[in-house]
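New to this one? Here's a quick tour of the places where things sit inside the protein, starting with the bound molecules.

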Amino acid sequence: MRVFSGIRPTGSLHLGNYLGAMRQWIAIQEKEDCVFCVVDLHAITTPYDQKQLKANIFELAVDYLAAGLNPEKCILFIQSTVKEHTELAWLLGTVTPLGELKRMTQFKDKSKQHPEYVNAGLLNYPILMAADILLYQTDLVPIGKDQQQHVELTREIVRDFNNRFGQVFKEPRALLPQIGDKIMSLAEPEKKMSKTGNQKGCIGLFEEPESIKLKIMAAVTDTGKEIRYNPSKKPGISNLLTIYSLASGKPIDQLEKEFDKKRYSDFKKSLAEYLAGYLEPFRRKRTELLTREVYVNDILKRGSQKALTVAQSTMQEVKTAMGLEI
Ligand code: AMP
Ligand code: TRP
């Protein structure tokens with residue numbers, strides 16, 4: 001099966017990115033035919049600094065490798081180096097209803113967040129994402145919950161396109177993790193963990209152990225004393241239980257038993273230890289890779305060449321089906 005996913009180079013990866021999306025990538029690269037992308041063209045739909053973007057693109061590629069993507073087992077590349085992504089996005093834009101784009105939750109959220117920067121690219125963002133996915137005839141898209149709506153729209157685009165022009169695309173499916181598809185902020189457990197939110201609520205994948213411990217100990221918990229999983233009544237503790245379970249490999253009900261009658265502070269102390277240990281190897285690998293620029297750029301170049309071959313073949317098929325010159 002073909003697998004495709006990407007992350008925007010908008011700053012260092014956080015625990016939500018890893019537990020929601022990347023952890024699935026690392027597992028699935030062993031079995032399936034995977035393509036992972038640094039989606040730089042998506043990153044420019046919200047305000048950014050061009051020098052910083054360049055650094056972020058390289059660092060996200062480093063982060064992919066540090067988190068465990070293996071360039072021998074998957075294709076890794078930068079979106080803007082394969083022009084077919086923007087070309088297909090234009091074509092798909094002609095079959096995407098405007099109403100659907102305006103209804104997307106992410107478009108509404110980001111328009112509110114940056115009212116001074118509501119550009120057409122932000123509205124068309126899901127079309128480019130559909131192009132990313134469809135260029136590689138993708139079956140599965142491993143992502144966190146917030147991106148599910150975009151994959152649903154991609155499926156609609158496929159159905160409309162195939163109805164009109166013949167069977168060209170496969171309908172991809174979103175792949176969400178069983179737990180951890182929406183990691184919440186430690187400071188505001190009703191909001192998702194994000195790079196742009198409250199920094200006290202966001203744990204970086206490569207953060208120093210001391211800082212991780214401070215953030216966990218300061219995490220907002222709920223009234224009452226019980227350590228029980230109940231996301232609607234106890235969002236703070238439930239989020240910490242989810243993180244603990246994923247970092248330790250222990251099921252949530254086992255953790256509930258282990259910490260029965262214990263205090264929140266004991267639970268947090270133990271979680272902080274586990275999490276710092278869990279993330280330690282990532283940080284070490286990242287520090288090493290940051291000094292190996294030639295090696296990383298070589299991986300990206302080879303990835304881009306492999307991606308291009310598949311992308312060009314899809315584009316020929318699409319253009320022929322649509323009655324365009326190839
Ligand atoms: P982004 O950083 O928005 O480009 O997101 C990259 C990937 O991480 C996407 O698959 C998102 O769904 C996933 N993701 C981002 N934030 C979270 C979160 N708080 N919990 C789970 N998954 C997330
Ligand atoms: N929109 C995704 C996000 O913000 C990133 C992305 C772009 C993506 N193209 C993709 C994810 C294709 C999966 C498949 O997280």
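A polar side-chain atom of Arg 8 sits 3.3 Å from an oxygen atom of ligand 2, and that's a good spot to begin looking. Keep in mind that this is a predicted model. Arg 8 also turns up among the closest residues around ligand 1, so to speak a handy landmark for both ligands.

**Ligand 2**

- Besides Arg 8, the closest residues around ligand 2 are Tyr 125, Met 129, Asp 132 and Gln 147, out of 13 that surround it.
- Asp 132 brings a polar side-chain atom to 2.7 Å from a nitrogen atom of ligand 2.
- Gln 147 has a polar side-chain atom 3.0 Å from a nitrogen atom of ligand 2.
- On its own ligand 2 would expose 370 Å², and the protein buries 93% of that.
- Two elements give two or more residues to this shell, namely β1 (2-7) and α7.
- Of these, α7 gives the most, with 4 residues.
- Sorted by class, the shell around ligand 2 holds 7 nonpolar, 4 polar and 2 charged residues.

**Ligand 1**

- Ligand 1 has 18 residues around it, and the closest are Arg 8, Gly 144, Asp 146, Ile 183 and Met 193.
- Gly 16 uses its backbone here: one of its N or O atoms lies 3.2 Å from a nitrogen atom of ligand 1.
- Asn 17 works through its side chain, with an N or O atom 3.1 Å from an oxygen atom of ligand 1.
- Lys 195 puts a polar side-chain atom 3.1 Å from an oxygen atom of ligand 1.
- Taken alone, ligand 1 has 480 Å² of accessible area, and the protein covers 95% of it.
- Helix α1 (residues 15-28) supplies the largest share of the shell around ligand 1, 4 residues.
- That shell divides into 5 nonpolar, 7 polar and 6 charged residues.

**The largest cavity**

- The count of cavities of 30 Å³ or more comes to 2.
- The largest cavity holds about 60 Å³ of space.
- Its lining is made up of Pro 71, Cys 74, Leu 76, Ile 299, Arg 302, Gly 303 and Lys 306.
- β3 (74-78) and α13 (293-322) are the elements that give two or more residues to that lining.
- With 4 residues, α13 gives the most to the lining of the largest cavity.
- By class, you'll find 4 nonpolar, 1 polar and 2 charged residues lining the largest cavity.

**The second largest cavity**

- About 40 Å³ of space lies in the second largest cavity.
- Met 104, Gln 106, Phe 107, Leu 122, Tyr 125, Pro 126 and His 150 line the second largest cavity.
- Here α6 (105-113) and α7 (120-135) are the elements that give two or more residues.
- The largest share of this lining, 3 residues, comes from α7.
- There are 5 nonpolar residues and 2 polar ones in the lining of the second largest cavity, and no charged ones.
- Tyr 125 is worth a second look, since this residue lines the second largest cavity and is also among the closest residues around ligand 2.

**A loop to spot**

- Pro 251 lies in the loop between α10 (235-248) and α11 (252-258).
- Is Pro 251 buried or exposed? Pro 251 counts as partly exposed because its relative accessible area is 41%, which falls between the 20% and 50% cut-offs.
- Pro 251 and Leu 241 are 10 residues apart in sequence, and their C-alpha atoms are 9.2 Å apart in space.

How values were computed:
Residues are numbered from 1 along each chain as its sequence is written. Chains are lettered from A and ligands numbered from 1 in the order in which they are written. This is a predicted model: local features need pLDDT of at least 70, side-chain atom pairs count only at pLDDT 80 or more; totals for chains, interfaces and linings use all residues. Side-chain values use heavy atoms; hydrogens and water are left out. On a 1 Å grid over the protein atoms alone, a cavity is a set of points where a 1.4 Å probe fits but cannot get out, and a pocket is an open set with protein on both sides within 12 Å along at least five of seven lines; lining residues have an atom within 4 Å of a point. Grid points are joined across faces, edges and corners, and a volume is the space filled by probe spheres set on the points. Ala, Val, Leu, Ile, Met, Phe, Trp, Tyr, Cys and Pro count as nonpolar, Asp, Glu, Lys and Arg as charged, and the others, Gly among them, as polar. A residue is near a molecule or strand if one of its heavy atoms lies within 4 Å of it. A polar contact is a pair of N or O atoms within 3.5 Å; within protein, one must be able to donate a hydrogen and the other to accept it, and residues adjacent in sequence count only if both atoms are side-chain atoms. Accessible areas come from the Shrake-Rupley method with a 1.4 Å probe; for residues, only the protein chains shown count as cover. Buried means under 20% relative accessible area, exposed over 50%, partly exposed in between (1.4 Å probe, protein chains only).
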